[in-house]
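Reader: I am new to this structure and would like a close look at a single part of it. Please take me through the aromatic ring pairs, and then through one polar residue.

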Amino acid sequence: MANRLAETRVGVLGTGVVGRRLAAGFRGRGHEVTIGSRDPEKSELREWLSAEGAGIQSGTFAEAAAGCELLVLAVLGGAAEQVITDAGRESFAGKVVIDAMNPLDFSGGFPPKLSISGEDSLGERVQRALPDAKIVKAFNIIGNSYFVDPSFSDGQPTMLIAGNDADAKRTVTDLLADFGWSDIIDIGGIEGSRELEAICIAWVKIGGVRDAWDHGFRLLVG
Ligand SMILES: NC(=O)c1ccc[n+]([C@@H]2O[C@H](COP(=O)([O-])OP(=O)(O)OC[C@H]3O[C@@H](n4cnc5c(N)ncnc54)[C@H](OP(=O)(O)O)[C@@H]3O)[C@@H](O)[C@H]2O)c1
């Protein structure tokens with residue numbers, strides 16, 4: 001039986017499909033959730049909060065970060081550093097921070113390229129921007145509709161995570177298990193974000209080739 005993540009105040013920074021999916025996932029597992037936005041009063045967010053997002057609180061990025069114990073960064077990759085500044089770096093100190101983002105550059109059209117690559121990654125930039133936080137890269141290699149209770153006709157894909165803090169990765173592994181993931185592989189330090197963000201590009205390219213977005217990757221061991 002997987003360890004269950006104890007009831008936690010979770011702040012999800014980001015109101016796109018990823019932020020909403022994760023916020024609803026945490027809420028569905030009994031956590032207290034605040035979703036953060038530049039504009040927490042915007043009408044499409046209010047509509048979502050009164051329907052699928054019922055029971056979730058909303059606030060500014062700063063309010064969500066300050067009031068919560070575990071944080072999720074789920075914003076546009078290119079806006080991540082601005083969102084961290086807006087949220088207030090001090091509010092991340094000592095906390096587990098899940099980085100679900102990818103640094104996608106669509107300036108050349110589809111498929112996107114990584115806007116950060118080589119000897120760096122968005123995950124590492126986030127960790128450098130927040131040296132006192134425990135960043136764990138997770139969820140970035142799969143479409144958001146599979147984040148919670150992933151169900152595929154061919155079996156379950158593998159979730160890959162990376163981060164520098166072993167306890168933080170245990171916490172994220174517990175919550176992934178709560179979310180229904182059974183095959184979770186920790187690939188090492190946060191520099192593993194280089195590979196995990198590149199896997200997103202492969203995932204998007206395969207989606208373009210198949211013209212379908214219902215795929216995931218599984219590690220097979222012979
Ligand atoms: N789509 C997927 O299935 C999927 C799967 C895995 C990972 N990801 C990654 O997850 C992240 C979120 O993706 P998404 O599809 O949910 O939405 P998105 O459009 O990439 O991001 C939406 C969020 O980014 C914020 N944002 C956008 N521009 C901003 C700016 N200039 N300054 C501050 N905040 C800004 C928005 O803030 P407001 O709330 O104020 O509008 C909103 O909360 C991305 O990094 C994406 O690559 C996506």
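Author: This is a predicted model. A suitable place to start is tryptophan 213, which has 39% relative accessibility and therefore counts as partly exposed, since that class lies between the 20% limit for buried and the 50% limit for exposed. Tryptophan 213 sits in the segment after helix 7, while tryptophan 203 belongs to helix 7 (residues 193-210). Tryptophan 203 has a relative accessibility of 10%, so this residue counts as buried.

The model holds five aromatic pairs. In the one formed by tryptophan 203 and tryptophan 213, the ring centres are 5.5 Å apart and the planes meet at 50°, so the pair is tilted. The two residues are 10 residues apart, and their pair links distant parts of the chain. Elsewhere, Phe26, Phe139, Phe147 and Phe179 are joined into a cluster by ring pairs.

The polar residue is asparagine 140, located in the loop between strand 8 (134-137) and strand 9 (159-163). Asparagine 140 is buried, because its relative accessibility is 4%. Its side chain makes a polar contact with the side chain of asparagine 102, at 2.9 Å. A polar atom of the asparagine 140 side chain also lies 2.9 Å from the backbone oxygen of leucine 196. Apart from neighbours within four places in sequence, the residues in contact with asparagine 140 are Ala100, Met101, Asn102, Leu196, Glu197 and Cys200.

How values were computed
Residues are numbered from 1 along each chain as its sequence is written. This is a predicted model: local features need pLDDT of at least 70, side-chain atom pairs count only at pLDDT 80 or more; totals for chains, interfaces and linings use all residues. Side-chain values use heavy atoms; hydrogens and water are left out. Helices (H or I, at least four residues) and strands (E, at least two) are DSSP runs, numbered from the N terminus. Buried means under 20% relative accessible area, exposed over 50%, partly exposed in between (1.4 Å probe, protein chains only). A polar contact is a pair of N or O atoms within 3.5 Å; within protein, one must be able to donate a hydrogen and the other to accept it, and residues adjacent in sequence count only if both atoms are side-chain atoms. Contact means heavy atoms within 4.5 Å. Rings of Phe, Tyr and Trp (its six-membered ring) pair if their centres lie within 6.5 Å; planes under 30 degrees apart count as stacked, over 60 as edge-to-face and the rest as tilted.
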